[in-house]
Amino acid sequence: MSSPTGPASGLPVRMPRPRQPGRHRRPEPLAAPEGAPALVLAVPGTPAAATRSLAEEVVSIARSELPGLDARIGYLDGDDSEFPTLQAVLTHAAEERTARYEQAKAAGIDAKEPDGPVAVVVPLLAGPDSALLRRIRQAVMDSRIAADLTDVLGPHPLLAEALHVRLSEAGLARADRARLFAVTTAADGIILGAVGGEEAVQAAGITGMLLAARLAVPVMAAALDQDGSIASIADQLRSSGSQQLALAPYLIGPEIDPAVIEEAAKEAGCSAAEPLGPYPAIGKLVLAKYTTALGIAPQQAQGAPVR
């Protein structure tokens, strides 16, 4: 029986493990610096409940990786009621920062006057899309709030991992080549469907090379938003020997109407995987863009083989 001061005599007592000395000790967990700018996730596309759920899961992953993180969501095409616009979110973040400072002064606390950016804006985009990025940049400028705008999330090995997982979930790729279990529908050629024109296709091609190394099948990128691009790449893959193709959307999800993906798969005569969505790597990459902008060093986000 335990006593008020601890377990009864003779029972084991759980003691905290001492920190491992030397250079192999585990690093202290990183936390958001006090007064750090907010992370504002800039979400493209037409807002909907599914989009909000996706964005909330992404920022939840980022918060779990960096305790104390002030993470918010701004919609590029929001309505300032159910779906707050990016501009409104930035304005609100600035007002809250000013209010906190004034309350501290009123309470006699020796608070430092806030300076530096109010927020770091991270576009929820796997690859470059000049039209969307121009709109995000314009929204930041229109807010008249000091905010840093980061680059898009890719190319990155973690995106190749996420694509592999989505393909395996759809039965279009082996999840583990080491065990070589049978997947009768596994594709022998992959089309990466990007959005954002030629620049986006080129960027997707870099991640495509990483995916090809994982799957040991040819991977080629094409534009989902350009007529005939997907069908043309499908013809190239088939002429080089691939018989069973798969379409892997190289996008998070909100950027394009899902019907476009379905139509592209039909045009290419193949099955399609799901978009990347709120895969854990997306939240980690969003956080990595934020911490890089602040100059703090989180644990490195690295891809790992799918088991």
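This briefing walks through the strands, helices and a few unusual residues of the structure above. Keep in mind that the model is predicted. One open sheet has four strands in the order β2-β1-β3-β4, paired in parallel. Another open sheet, again of four parallel strands, has the order β6-β5-β7-β8. Let's take them in turn, then look at the helices and some odd backbone spots.

**The sheet with β1 to β4**

- Start at the borders: β2 and β4 are the edge strands here, and each pairs on one side only.
- The strands aren't perfectly lined up, since neighbours in this sheet are turned by 25 degrees against each other on average, if you ignore direction.
- Strand β1 covers residues 38–43 and runs parallel to β2, with five bridges joining the two.
- If you want to find one of these links yourself, look for Val40, whose bridge partner in β2 is Arg72.
- On the other side of the sheet order, strand β3 (residues 119–123) runs parallel to β4, and three bridges join them.
- Here you can look for Val120, which has Asp148 in β4 as its bridge partner.
- Two helices sit against these strands: α3 lies across β1, β3 and β4, at about 165 degrees to β3.
- The other one, helix α8 (residues 280–294), packs on the sheet and touches β1 and β3, with its direction at about 140 degrees to that of β3.

**A closer look at β2 and Arg72**

- Is β2 enclosed or open to the outside? Five of its five residues are buried, so β2 is largely enclosed by the rest of the structure.
- Here's a handy rule: in a regular strand, side chains alternate between the two faces of the sheet.
- You can see that pattern in β2, where Ala71, Ile73 and Tyr75 point one way while Arg72 and Gly74 point the other way.
- Arg72 belongs to this strand, and with a relative accessibility of 14% it counts as buried because the cut-off is under 20%.
- What does the side chain of Arg72 hold on to? It makes a polar contact of 3.0 Å with the side chain of Asp70.
- Beyond its neighbours within four places in sequence, Arg72 also has contacts including Leu39, Val59, Val89, His92 and Glu96.

**The sheet with β5 to β8**

- β6 (219–223) and β8 (271–272) stand at the edges with a single partner strand each, so one side of each has no neighbour in the sheet.
- Strand β5 (residues 189–194) pairs with β6 in the parallel sense, over five bridges.
- To spot one of those bridges, find Ile191 and its partner in β6, Met220.
- Helix α4 (residues 157–169) lies across β5 and β7 (245–249), and runs at about 130 degrees to β7.
- Helix α5 (residues 198–215) lies across β5 and β6 instead, at about 150 degrees to β5.

**Two helices that cross**

- When two helices pack, people describe them by the angle between their axes and the distance between the axes.
- For helix α6 (residues 229–239) and helix α7 (residues 258–268), the axes come within 8 Å and cross at roughly 35 degrees.
- The crossing of α6 past α7 is right-handed.
- Which residues meet there? From α6 you get Ile230, Ala231, Ala234 and Arg238, and they meet Ala264, Glu267 and Ala268 in α7.
- Sorted by class, this contact has five nonpolar, no polar and two charged residues.

**Backbone oddities**

- Most residues other than glycine have a negative phi, and most peptide bonds are trans, so exceptions are worth a look.
- One exception is the cis peptide bond between Gly154 and Pro155, where omega is about 5 degrees.
- Pro155 lies in the loop between β4 (147–149) and α4.
- Asp80 isn't a glycine, yet its phi is positive, near 60 degrees.
- You'll find Asp80 in the loop between β2 (71–75) and α2 (86–106).
- Arg144 isn't a glycine either, and its phi is positive at about 55 degrees.
- The spot for Arg144 is the loop between α3 (130–143) and β4.
- Is Arg144 buried or exposed? Its relative accessible area is 78%, so Arg144 is exposed.

How values were computed
Residues are numbered from 1 along each chain as its sequence is written. This is a predicted model: local features need pLDDT of at least 70, side-chain atom pairs count only at pLDDT 80 or more; totals for chains, interfaces and linings use all residues. Side-chain values use heavy atoms; hydrogens and water are left out. Two strands pair if DSSP finds at least two bridges between them. Contact means heavy atoms within 4.5 Å. Axes are lines fitted to C-alpha atoms, for helices over the stretch in contact, and angles run from 0 to 180 degrees between N-to-C directions. Buried means under 20% relative accessible area, exposed over 50%, partly exposed in between (1.4 Å probe, protein chains only). A polar contact is a pair of N or O atoms within 3.5 Å; within protein, one must be able to donate a hydrogen and the other to accept it, and residues adjacent in sequence count only if both atoms are side-chain atoms. A crossing is left-handed if the near helix is turned anticlockwise from the far one by less than a right angle, and right-handed if clockwise. Ala, Val, Leu, Ile, Met, Phe, Trp, Tyr, Cys and Pro count as nonpolar, Asp, Glu, Lys and Arg as charged, and the others, Gly among them, as polar.
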